[in-house]
Structure formats: structure tokens, C-alpha cells
Amino acid sequence: MQVSIYTDGAARGNPDGPGGYGTVLEYVDSKGELHVKELSEGFQKTTNNRMELMAVIAGLEALNRPCDVSLYSDSKYVVDAFNKNWITGWIKKGWKRGKNEPVKNIDLWQRLLKAKEPHNVTFNWVKGHNGHPQNERCDELATSAADKLGTGQFLP
């Protein structure tokens, strides 16, 4: 099954609202009907990169069977970690980068690798704040999901 996942790790939405990260999953069932599932978590005092990683993890962990996943994120850090094989290098170097600097957020990177494992995932960077239609979709959907604070498992 083909699933599209849109994420936003710093989804703020209403400035007076909870904010947090948002993840939206979309798929078309065997009858050709579009389904949308929103997952989110409220504001947490943490870094933007951790929020981005949590948004991606939430989407992948919610899938209850192997899927072909197109994941859309405005986090070049997350997308490049896989598309440029940074993560493979980090693992080979014992989770070090550059001049033996430790990789930050190892706990979340390991969780993301586990969540990604059963799926065929394509990581797509959608540059933010330039009118890119997929980025606008990430912002619109994921911010809405974060503000609703709905959680649950996605069951295609």
C-alpha cells in the first residue's frame, strides 16, 4: 500500500495554541477513496531537530503493516541523513560525525531506524517558506494536526 506522510516538527498553528509536532498520513484504499489520519503531540520544550524527528517517527510507527511510504519533510537534516547516507556513516563511526563530535539525538535516530525498517521509505525535502506546494501541504496539514492534539494508531 502507498502512503504519503506529511510532517512538521515545529508546527505552531495558533500562537496561543499548544503547538508541537504534527504528522498526517494519506492513502487511497482499494475502492479508490482517500483516507487521512492525523497524529500529533503538543508542545514540548525541546529543539527543532528533535521535533522534526518525533514527527517522522510518529508517522512511521503508526503504520501497522509494511508500506511504500513517501515522506515529505521541510527538515533538510532528516532528509539528508537518509538520502546522503549520513546516518550510515554515523553508525559506522560509532555515532560520531565530523571530528569525532557525537551525533545529537541518538535515541531518536535509533527509534527512527527501527520505525523505518519494515517500510520502503522515500524521503522528500520540501524547502520551506518558498511556496513549494508540498511544503504548504506539510504546514497546513501538520499544523492542524498538532493543534488538535489527536493521537492514535493508523490502520489502513
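A crossing is left-handed if the near helix is turned anticlockwise from the far one by less than a right angle, and right-handed if clockwise. I keep that at the top of the page for the helix pairs below.

**Entry 1: ground rules**

I am working with a predicted model, where local features need pLDDT of at least 70 and side-chain atom pairs count only at pLDDT 80 or more, while totals for chains, interfaces and linings use all residues. Residues are numbered from 1 along each chain as its sequence is written, and side-chain values use heavy atoms, with hydrogens and water left out.

**Entry 2: the whole protein**

I looked up the elements and found five helices and seven strands. Both are DSSP runs numbered from the N terminus, helices being H or I with at least four residues and strands E with at least two. Read from the N terminus, the order is β-β-β-α-β-α-α-β-β-α-β-α.

Next I checked burial: 43% of the 156 residues count as buried. Buried means under 20% relative accessible area, exposed means over 50%, and partly exposed lies in between (1.4 Å probe, protein chains only). The protein exposes about 8300 Å², and carbon and sulfur atoms supply 48% of that area. Accessible areas come from the Shrake-Rupley method with a 1.4 Å probe; for residues, only the protein chains shown count as cover.

I also looked at contacts, meaning heavy atoms within 4.5 Å. Among those between residues at least 6 apart in sequence, 66% join residues at least 24 apart.

**Entry 3: α1 against α4**

How do α1 and α4 cross, left-handed or right-handed? I found the crossing to be left-handed. The two axes come within 9 Å and cross at roughly 25°, which makes α1 roughly parallel to α4. For the record, axes are lines fitted to C-alpha atoms, for helices over the stretch in contact, and angles run from 0 to 180 degrees between N-to-C directions. Angles under 35 degrees count as roughly parallel, over 145 as roughly antiparallel, 65 to 115 as roughly perpendicular and the rest as oblique.

I then listed who touches whom. From α1 the contact takes R50, L53, M54, V56, I57, L60 and E61, and from α4 it takes D107, L108, W109, R111, L112, A115 and K116. Sorted by class, that contact has nine nonpolar, no polar and five charged residues. Here Ala, Val, Leu, Ile, Met, Phe, Trp, Tyr, Cys and Pro count as nonpolar, Asp, Glu, Lys and Arg as charged, and the others, Gly among them, as polar.

**Entry 4: α2 against α4**

I moved on to α2 (residues 76–83) and α4 (residues 106–116), which pack at an angle of about 60° with their axes 13 Å apart. That makes α2 oblique to α4. The crossing of this pair is right-handed. Y77, V78, A81 and F82 of α2 meet W109, L112, L113 and K116 of α4. I count the classes as seven nonpolar, no polar and one charged.

**Entry 5: inside α2**

α2 is mostly covered, with six of its eight residues buried. They are Y77, V78, V79, D80, A81 and F82. These buried residues pack against α1 (48–61), β4 (68–73), α3 (86–92), α4 and β7 (120–125).

I stopped at D80 of helix α2, since it is a charged residue and yet buried, at 8% relative accessible area. Leaving out residues up to four places away in sequence, D80 touches N85 and W86.

K76 is also in helix α2, but at 36% relative accessibility K76 counts as partly exposed. With the four-place neighbours again set aside, K76 touches K84 and W125. Its C-alpha atom lies 8.2 Å from that of V126, 50 residues apart along the chain.

**Entry 6: positive phi**

Most residues other than glycine have a negative phi, so I noted some asparagines that go the other way. N85, just after α2, takes a positive phi of about 60°.

N100 also has a positive phi of about 60°, and I found N100 in the loop between β5 (96–97) and β6 (101–102). N105 has a positive phi of about 65° and belongs to the loop between β6 and α4.

Are N100 and N105 buried or exposed? N100 is exposed, at 58% relative accessible area, whereas N105 is buried, at 14%.
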